[in-house]
8 protein chains.
Amino acid sequence: MATDTKAILEAVAHQKIDTTTAQALLASGTTDDLGFAKVDLARTKRNGYPEVIYGEGKTAQQIIDIMYSLQSHQQNVLCTRVSPEKFVAIHQVIKAAVYYAKARCVVLNVQVMATTSTSIAIVTAGTSDMAVAEEAAVTAEAFGNRVQRIYDVGVAGIHRLFAHLTEIRQAQVVIVIAGMEGALASVVGGLIDTPLIAVPTSIGYGTNFEGLTALLTMLNSCASGITVVNIDNGFGAAYSASMINHLSQGGKA
Amino acid sequence: MATDTKAILEAVAHQKIDTTTAQALLASGTTDDLGFAKVDLARTKRNGYPEVIYGEGKTAQQIIDIMYSLQSHQQNVLCTRVSPEKFVAIHQVIKAAVYYAKARCVVLNVQVMATTSTSIAIVTAGTSDMAVAEEAAVTAEAFGNRVQRIYDVGVAGIHRLFAHLTEIRQAQVVIVIAGMEGALASVVGGLIDTPLIAVPTSIGYGTNFEGLTALLTMLNSCASGITVVNIDNGFGAAYSASMINHLSQGGKA
Amino acid sequence: MATDTKAILEAVAHQKIDTTTAQALLASGTTDDLGFAKVDLARTKRNGYPEVIYGEGKTAQQIIDIMYSLQSHQQNVLCTRVSPEKFVAIHQVIKAAVYYAKARCVVLNVQVMATTSTSIAIVTAGTSDMAVAEEAAVTAEAFGNRVQRIYDVGVAGIHRLFAHLTEIRQAQVVIVIAGMEGALASVVGGLIDTPLIAVPTSIGYGTNFEGLTALLTMLNSCASGITVVNIDNGFGAAYSASMINHLSQGGKA
Amino acid sequence: MATDTKAILEAVAHQKIDTTTAQALLASGTTDDLGFAKVDLARTKRNGYPEVIYGEGKTAQQIIDIMYSLQSHQQNVLCTRVSPEKFVAIHQVIKAAVYYAKARCVVLNVQVMATTSTSIAIVTAGTSDMAVAEEAAVTAEAFGNRVQRIYDVGVAGIHRLFAHLTEIRQAQVVIVIAGMEGALASVVGGLIDTPLIAVPTSIGYGTNFEGLTALLTMLNSCASGITVVNIDNGFGAAYSASMINHLSQGGKA
Amino acid sequence: MATDTKAILEAVAHQKIDTTTAQALLASGTTDDLGFAKVDLARTKRNGYPEVIYGEGKTAQQIIDIMYSLQSHQQNVLCTRVSPEKFVAIHQVIKAAVYYAKARCVVLNVQVMATTSTSIAIVTAGTSDMAVAEEAAVTAEAFGNRVQRIYDVGVAGIHRLFAHLTEIRQAQVVIVIAGMEGALASVVGGLIDTPLIAVPTSIGYGTNFEGLTALLTMLNSCASGITVVNIDNGFGAAYSASMINHLSQGGKA
Amino acid sequence: MATDTKAILEAVAHQKIDTTTAQALLASGTTDDLGFAKVDLARTKRNGYPEVIYGEGKTAQQIIDIMYSLQSHQQNVLCTRVSPEKFVAIHQVIKAAVYYAKARCVVLNVQVMATTSTSIAIVTAGTSDMAVAEEAAVTAEAFGNRVQRIYDVGVAGIHRLFAHLTEIRQAQVVIVIAGMEGALASVVGGLIDTPLIAVPTSIGYGTNFEGLTALLTMLNSCASGITVVNIDNGFGAAYSASMINHLSQGGKA
Amino acid sequence: MATDTKAILEAVAHQKIDTTTAQALLASGTTDDLGFAKVDLARTKRNGYPEVIYGEGKTAQQIIDIMYSLQSHQQNVLCTRVSPEKFVAIHQVIKAAVYYAKARCVVLNVQVMATTSTSIAIVTAGTSDMAVAEEAAVTAEAFGNRVQRIYDVGVAGIHRLFAHLTEIRQAQVVIVIAGMEGALASVVGGLIDTPLIAVPTSIGYGTNFEGLTALLTMLNSCASGITVVNIDNGFGAAYSASMINHLSQGGKA
Amino acid sequence: MATDTKAILEAVAHQKIDTTTAQALLASGTTDDLGFAKVDLARTKRNGYPEVIYGEGKTAQQIIDIMYSLQSHQQNVLCTRVSPEKFVAIHQVIKAAVYYAKARCVVLNVQVMATTSTSIAIVTAGTSDMAVAEEAAVTAEAFGNRVQRIYDVGVAGIHRLFAHLTEIRQAQVVIVIAGMEGALASVVGGLIDTPLIAVPTSIGYGTNFEGLTALLTMLNSCASGITVVNIDNGFGAAYSASMINHLSQGGKA
């Protein structure tokens, strides 16, 4: 943004644009105003990735409109939390859109992304955590990361985890996804030397409180190197993991 | 109690006592009324163990009075949650009382209890859980159990636990004591074939909520065979563990 | 596990297997990897009972696959939280599967288990707690325990409890199941000399908070010898109770 | 109040007072404005009892001023939640004030109240509930009720309760005071045919949450005829109980 | 119960019954065991009113069975929380059953009850609180009380309350029913000299938390003489109010 | 109200009405009693705006009846939280009623209101907050305010907000509506010099707790000049904003 | 800020400053960097009032440094939450600083502010709410508002409120401060036609939860026109009230 | 660990050690058992960093013992949450220990660590967040990272943040530390393209709930790329940030 500001200011200084234009540019810059939404077209520049559409609470038509907006600005599209029914409606209009059913994600790629040589490991405690894990995996892959899936290795049968430990330790960053009591994050965190992002899931019953217990477990882990995202937020974990994995591919000056 | 009732009823039937006496006996039986407290002298008969004094919120004098009452009825005395200051006051009056400082317990034995051949293992996650662990250990020993103490083997360095696994698996019943995220209970629970009683401790900070997080973790464990007691309730865990350990020594007809 | 490790290590020492194989064996041992799940076949050895399938959140097909896996390894199968609809689908494929409708459990026995001479008493406060109670009862019976069912004896009419007290006191371990305020656990706990496992149920309304009130009541009981499991967790209570009841049948060396 | 309004209106109608005076009378009536407080002198008329001073958060001087205000209007004074230190300061100024140390209440009677022939029973679960019980007892006695104190009869030793059941059943209204899990209210409620007011106390630890657990237990009681007041609110329970007890002495036309 | 016990004991003393029979009588006395439920037939004697059926969570057939049991022992029947659909099924079998749709209650009277000369006032804050109010009103009437209904007089338009104040002040006991912030209880409590039972309702949204806010308001009321029941518990409020109203009709010796 | 009282009192003083009439007038004054509801016709006088109907939990018929009552007293009608289905039923009877679908509001104007020259700005963080925003906007317009809608300018793309800052700063009062973490309120609050009313919405998932997180954020804002209303309470925010906006149009003497 | 930006941009366009300077000006503008704090000197321009110092958690020396910074830029200083001890230290250095003990506020005026002709009414429920009320009053006065203090008129004696209603209704905006159940806000809100800002206080005990109950009450008020600030936040309420009161004195173009 | 296992297995295969030794080695490996603690000496190998001592709840002597243990194994020592008093005691014994007072950390370096060329930015909202920020900064520096401190740039004066944006954007990873409503994390997250670790602090009052509000805000951020640690956990944030920063310096094969 600093760069943006400077470029516009210099344009003003050299009288290429007047101050009213400059003020507008400084503020509204790269937004596509759809009325119901102001699509943020500068996000790749600002955040390193295009704006991702959160599908829940939006109609199929609203999603289609935002997809068109992003696509027309040469941006890859990822849309999360899309029900199968909603995808059918989207697909009738945007044939190129691809649906990942387990992850409930829609992908529409305008440009091919290179895949990292290093990988993100996605580790789940149980079979029921798979939907969240797939949202993370599809997101990470959409952002150009190599992904290792290691599912159903919860601590009730801890030897299942040890069988995959070498694999997990080779990743640059590890996402641990668990519901119920969420203890897997602490155990994995104690065994690796890379950043671990923990995702609590809403799997469980009674005092699980729809994922709150797993969240608290992860925030209070006795192992170091663990950070946490919101309940069921596979997307958010993958977003951060992708940033970290890409850093390790070259870093910033 | 069933037996009691029958005995009294038969005494009535054989006119050894009148019905008014019987009614009183049925109701008030074996209580020592101290005014501020009604000491329950029938607890050994009814529950298998004498009444244990919960020291918190009682004055030294009140504790002394209840200790005298129990002692005079030939009952061993265990008093938990006694501060060092309070013990000094008790000890000036009851010289035979013994103080276990780490456990903050007072013991006054009237009769020697046999020690079980089998043992209770008490396992803690960290150094800070030791006070609760010692309350459990002293209670279990006061009730005649052999106790194995295995402290500071939390999951952040899980190899410390594996180093003691054989020992833990030899116990009849295992008490796992942990604060912070309390994940140790799930890991141990997944590795043993005996009952596990989990005790959350109030060790931690922030969203630990003074033990609530560890409690929730333990209640939602993905491992089976785990039951839970209140936060910091080392005494309660030991009480149940002792019942279980004694069952395994002979059981009930 | 200690034993396992030693056997594998000795095989290495005598050059019967190479170290790569040993490492794999040590880690992955006895797991059947179904892709969506890693079935834990070593659980009987490690925990004393086979892995139990938690039916909620699994498709009928997933349950069928895990049942086949366990059955093919000569393990008895218990699957909890199965809806009638899901059972119909399972039954079409696995004819030998038996459904316990009130308990919502499926049982598929490969080998006959001996029944204990001693019993577990299952006591409920109200009629509405019956579903949880039956989950506990079917689980306990599947694990070879004799079970006494004593239902609807809540404290609003406490004479109903006293009428069954003799029966309750003859059990080796008592499971008390109650919703609303859950006071029954404290009352029974004050009258028996055996371990009591309390199960809060989600029966109630308003400030019952779907079982939270009963859970808190049970954790804070003024009676000793009570441990607690998660809300509605009839299975978990029976699992621990079965461990305790079997201990009393012989104990461990 | 209806009566008040009419009287004032009639005074206006008969030109005894002008409308400005009437409006002021209608509104401000019987209040003594001390600046920091507006003492409500009409409370006896409106509520049946004088205003009671809640001592916590008031200085000794503020309490003295309000006591003087009430006394000078011929009203009996009850002040709750007064520390011993604060009472010393009050007593230096108002010699006639009497302190009830266990109840932490100050009483200053201007006129003698008749004592009811019927009684209020105050029942506690444990020794530690006594402070709340005494606040209730002193309040009830200050309002002219006969009081029966039955302390330390909690459900861990339920025979202690049965020994006093006849006594409890003779009261017009029963106050049950309990901390920890608060189960005593349900048990007593199931055994009596009179109104029961339950007072949760902040006695307990861990998940007791300073009385919240006992409060929830009492609100969710399976026994009928139980109403509840705030945690540790012995005064409030006694206030309502006194209203009920006096109703039974004659009722309202 | 005291009386019961004495009668049975005397029967034993005079050898009219043996001790085994006595023991059974003492305990199980007046219970009708339907298998799924143990109907408490002694409740009138013990609590002053027959057992009331809580309809939620029971099948129509279970309700019918319990109604038959009570009816055959000459007890009036009140069943709360009955949906219209369930009543249709009940009515096909028990033609004499009467349904109060707004209150969702079924009444089946075996014997006519006298109506009190004094009344219970039922006051609501809003139109939406009417269902709870009618449950209270039908319950109170079923127990023989005269009832005054004063609905929709919440504090947003406080003059609506003042218009009914005289009426409210004539009642022996007042039930105040309010959702949202529940302030009506405090305002009414400050204006009357009779016991007030407050019922929070689950009417509201957002931070109302399904009635929790109104409950907390009522428990913390600055007005004295208020006791509280569980959220939406119109039945419970009427039960206690009826006890109080009947006390005022004659009291107990 | 003061005025009312005085007028009635003077009528009494001049014997135009008797005291019984006066008392009734004083109390019930301007209420239309529909049985299920007491319509408050004095609200415009007392509060400056007519009573607004909260549609949720009321039947179409009840809404129609209240609308008729208000209309017949020459009051404009606003009814919030009306589903499309309910409106169909209302519209069949009251043809002049207008439905605002996004806002779920019904408006029926009897008299035309002047529109303020100054405006209220309504700012939302995301597309999903639009329903709450429209409830606010329609309410504000119904009360005669000019409204500026600025939607989807959340802090994830903060330049979208700056693009509209001049517009926002021109309003007399700003309503900020946000779900998820609700940070927009703090950012806007730090940039303006007019009152800001923050509305948390229930948009979000996991630890959003249906708007609770946004509410807490807004209550704890580090920016000054922010006040908060209940979750999703667009109506309430507009009601207060309208009061403020009208004050700025002339104020009160 | 929009104006700022334009001015700077025009300076660039006319080559009065270079782009590097412009960029720095745009960003850091009017901040005084004290190392531990960046004093916001533009706040009057941006928000209409100078930055107010929140004294809690700051040392006397830090407060002194910030006061000097503000004073040297000709800004009036208000510092809230200052203990008497801390003020002594401040006063030794800044003699002109004035302490308002009840409000725990320090004021240091550089320029005299005009006082509004219209007023803010500050209404409290009880004597104990006075500290919060005084924080509000001193803040409002520091910002140049006329203030009416009306204390101790809670709903337990509602006639005390009515006695001051005329006074309250004359204010432009009303602040209602209440602890315990906080019902006063609803009652006042139903009687006035001006904006009401409600401040919950932490006065109470038990389920008051240090002000949470009063907060919830106020957020769920059935009366319209009420907005709410954080618990005990007298300052925040006065800040918003002052904005509103000043609007009514002239408004914005 | 995988490597460890293989090495030990090969030693067994070549008969360099027997199987019993191997089993012990596999399990207990590199732990120093101090009785009260089992110091984990393998943590650098396993996690990339030595074990860090959490000072709270440990005595000075316990800390000294663990420091000696680590030091004697050539490991750098970092000890967090050490009060000044405790440090005095430590320093008397270990002269080389250095205390960072604002951070409350003790450092004892055995070997010099290289400092990264890239940096971690630590950004705080307010002055009061500095203690947590310094714990993070000292930890990050102890682990060899270059650190940029940017304090007191909260959103109430958002231009203070923009003044430092270029600096923040140059970091590899950003730690944002904020109390109150924690909105700063979302604003920064929307402006950068690197991983952001958010630390809620317990700074605030009322509904801040000792940091819970800031935590919830951060977990629900509308900006992507944010992960969260426990309240006040500056150490944990720095630990993860250091892992990420080091990854960017070279990554893993």
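**Exercise 1. Find how strands S3 and S4 of chain G are joined, and state their direction.**

Step 1. Count the bridges. In this predicted model, 2 bridges join S3(G) to strand S4 (residues 77-80) of chain G. Strands here are DSSP runs (E, at least two residues), helices are DSSP runs too (H or I, at least four), and both are numbered from the N terminus. Two strands pair if DSSP finds at least two bridges between them.

Step 2. Read the direction. S3(G) and S4(G) run parallel. In general, strands of a sheet pair through backbone hydrogen bonds, either parallel or antiparallel.

Step 3. Name a facing pair. G:Ile53 stands opposite G:Cys79 in S4(G).

A note on conventions: residues are numbered from 1 along each chain as its sequence is written, and chains are lettered from A and ligands numbered from 1 in the order in which they are written. Local features need pLDDT of at least 70, side-chain atom pairs count only at pLDDT 80 or more, totals for chains, interfaces and linings use all residues, and side-chain values use heavy atoms, with hydrogens and water left out.

**Exercise 2. Lay out the sheet of chain G and place helix H6 on it.**

Step 1. Order the strands. The sheet is open, has 4 strands and follows the order S3-S4-S6-S5 in chain G. Its pairing is mixed.

Step 2. Find the edges. They are strand S3 (53-54) and strand S5 (98-100) of chain G. Each pairs on one side only.

Step 3. Add the helix. Helix H6 (residues 130-142) of chain G lies across S4, S5 and strand S6 (105-108) of chain G. H6 runs at about 10 degrees to S6(G). Axes are lines fitted to C-alpha atoms, for helices over the stretch in contact, and angles run from 0 to 180 degrees between N-to-C directions.

**Exercise 3. Describe the sheet of chain A in the order S3-S4-S6-S5.**

Step 1. Classify the sheet. Chain A holds an open sheet of 4 strands with mixed pairing.

Step 2. Explain the edges. Strand S3 (53-54) and strand S5 (98-100) of chain A each have a single partner strand, so one side of each lacks a neighbour in the sheet.

Step 3. Check the link. S3(A) runs parallel to strand S4 (residues 77-80) of chain A, joined by 2 bridges. A:Tyr54 has A:Thr80 in S4(A) as its bridge partner.

Step 4. Add the helix. Helix H6 (residues 130-142) of chain A lies across S4, S5 and strand S6 (105-108) of chain A. Its angle to S6(A) is about 10 degrees.

**Exercise 4. Work out how helices H4 and H5 of chain E pack.**

Step 1. Take the geometry. Helix H4 (residues 60-72) and helix H5 (residues 84-93) of chain E pack at about 45 degrees, with axes 9 Å apart.

Step 2. Classify the angle. It makes H4(E) oblique to H5(E). Angles under 35 degrees count as roughly parallel, over 145 as roughly antiparallel, 65 to 115 as roughly perpendicular and the rest as oblique.

Step 3. Give the hand. The crossing of H4(E) and H5(E) is right-handed. That term applies if the near helix is turned clockwise from the far one by less than a right angle; anticlockwise is left-handed.

Step 4. List the contacts (heavy atoms within 4.5 Å). H4(E) brings E:Ala60, E:Ile63, E:Ile64, E:Met67 and E:Tyr68. H5(E) brings E:Lys86, E:Ala89, E:Ile90 and E:Val93.

Step 5. Sort them. The contact of H4(E) with H5(E) has 8 nonpolar, no polar and 1 charged residues. Ala, Val, Leu, Ile, Met, Phe, Trp, Tyr, Cys and Pro count as nonpolar, Asp, Glu, Lys and Arg as charged, and the others, Gly among them, as polar.

**Exercise 5. Describe the crossing of H10 in chain F with H10 in chain H.**

Step 1. Take the geometry. The axes of helix H10 (residues 212-219) of chain F and helix H10 (residues 212-219) of chain H come within 9 Å. They cross at roughly 125 degrees.

Step 2. Classify. That angle makes H10(F) oblique to H10(H). The crossing is left-handed.

Step 3. Name the residues. F:Thr213, F:Leu216 and F:Thr217 meet H:Thr213, H:Leu216 and H:Thr217. The contact of H10(F) with H10(H) has 2 nonpolar, 4 polar and no charged residues.

**Exercise 6. Relate chain H to chain A.**

Step 1. Superpose. A rotation of 180 degrees with 0.0 Å of shift along its axis places chain H on chain A (RMSD 0.1 Å). The fit is by least squares on the C-alpha atoms of residues with pLDDT of at least 70 in both copies.

Step 2. Interpret. The two copies are thus related as by a two-fold rotation axis.

Step 3. Locate the axis. In chain H, the C-alpha of H:Ser248 is nearest to it, at 2.2 Å.
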